[in-house]
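Hi,

Here is the structure I promised to pass on. Have a look at it first, and then read on for what turned up.

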Amino acid sequence: MKKICLFIILCLGMLSLSAQQKNFDDFTVKSIDGKDFPLSSLKGKKVLVVNVASKCGFTPQYEQLQALYEKYGPDNFVIIGFPANNFMKQEPGTNEEIQEFCKINYGVTFPMMEKISVKGKDIHPLYKWLTQKSENGKEDAKVTWNFQKFMINEDGSWAGYAKPKTSPDDQSIIDWIEK
């Protein structure tokens, strides 16, 4: 009888763990203009998630991100920008100011989301999933600076990440998109 009870408890525990495992499609975020943006609407596309800032040395990456989006998207690939003010207050603007900056300076047409926190006590739930193996089931990937890139496969699974210094048109990212 003890063996049966132990077996049942183990099975329930395993079911509970698998039920807790989320994927990218389970999240809804807010667009930069405040509307709900269910990430499930991107199912079937590869997604590059990038925390962005307008006053960073890496800000010119917006140009490469836009070129990547124009070349590969939006049918099977999309980029989502998440402004964040976590690193030396390099994204001080409001959502409206950020949106205007991106359009005027870099012609950004890929989806931009509202400003969030990508680390710390107030980390956004999506970034908690992106950065913690216990959430994404793959790897810990602490956000080290602005313009860190996370790769999400068509099925909503976490595929990898590229450090902030990695150019958006780096061959490793291109290979992942084209794979």
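D36 is exposed, with a relative accessible area of 53%. Its partner is K30: the two form a salt bridge, and their closest N and O atoms are 2.8 Å apart. K30 itself is partly exposed, at 32% relative accessible area. Bear in mind as you look that this is a predicted model.

How many salt bridges does the structure hold? There are 3, and the general idea behind them is simple: side chains of opposite charge can pair when their charged atoms come close.

Another of them joins K35 and D33, with 3.9 Å from N to O. That distance still counts, because the cut-off for a salt bridge is within 4 Å. K35 is exposed at 53% relative accessibility, whereas D33 is partly exposed at 47%.

Then there is the bridge between the side chains of D25 and K43, at 3.5 Å from N to O. Where do D25 and K43 lie? D25 is in the loop between helix 1 (2-20) and strand 1 (28-30), while K43 is in the loop between strand 2 (36-38) and strand 3 (46-52). The pair therefore ties together parts that are 18 residues apart in sequence. The surroundings of the two residues are worth a look as well: D25 is buried, with a relative accessible area of 9%, but K43 counts as exposed at 56%.

Now for helix 2, which covers residues 61-72. With 12 residues at 1.5 Å a residue, helix 2 should span 16 Å, and its end C-alpha atoms are indeed 16 Å apart, so the two values agree.

Which residues of helix 2 are buried? They are Q61, Y62, L65, Q66, L68, Y69 and Y72. Looking down the axis of helix 2, you will find these buried residues within an arc of 160 degrees, so they line one face of the helix. Turn to the other side of helix 2 and you meet E63, E70 and K71, which are exposed.

What do the buried residues of helix 2 pack against? Their contacts are with strand 3, strand 4 (77-83), helix 3 (95-106), strand 5 (149-152) and helix 6 (171-178). Strand 3 may ring a bell: the loop that holds K43 runs between strand 2 and strand 3.

If you open the model yourself, try colouring the buried residues of helix 2 and turning the view to look down its axis; the face they line should be there to see.

Cheers

Notes
Residues are numbered from 1 along each chain as its sequence is written. This is a predicted model: local features need pLDDT of at least 70, side-chain atom pairs count only at pLDDT 80 or more; totals for chains, interfaces and linings use all residues. Side-chain values use heavy atoms; hydrogens and water are left out. Helices (H or I, at least four residues) and strands (E, at least two) are DSSP runs, numbered from the N terminus. Buried means under 20% relative accessible area, exposed over 50%, partly exposed in between (1.4 Å probe, protein chains only). The expected span of a helix is 1.5 Å times one less than its number of residues. The arc is that of the directions from the helix axis to the C-beta atoms. Contact means heavy atoms within 4.5 Å.
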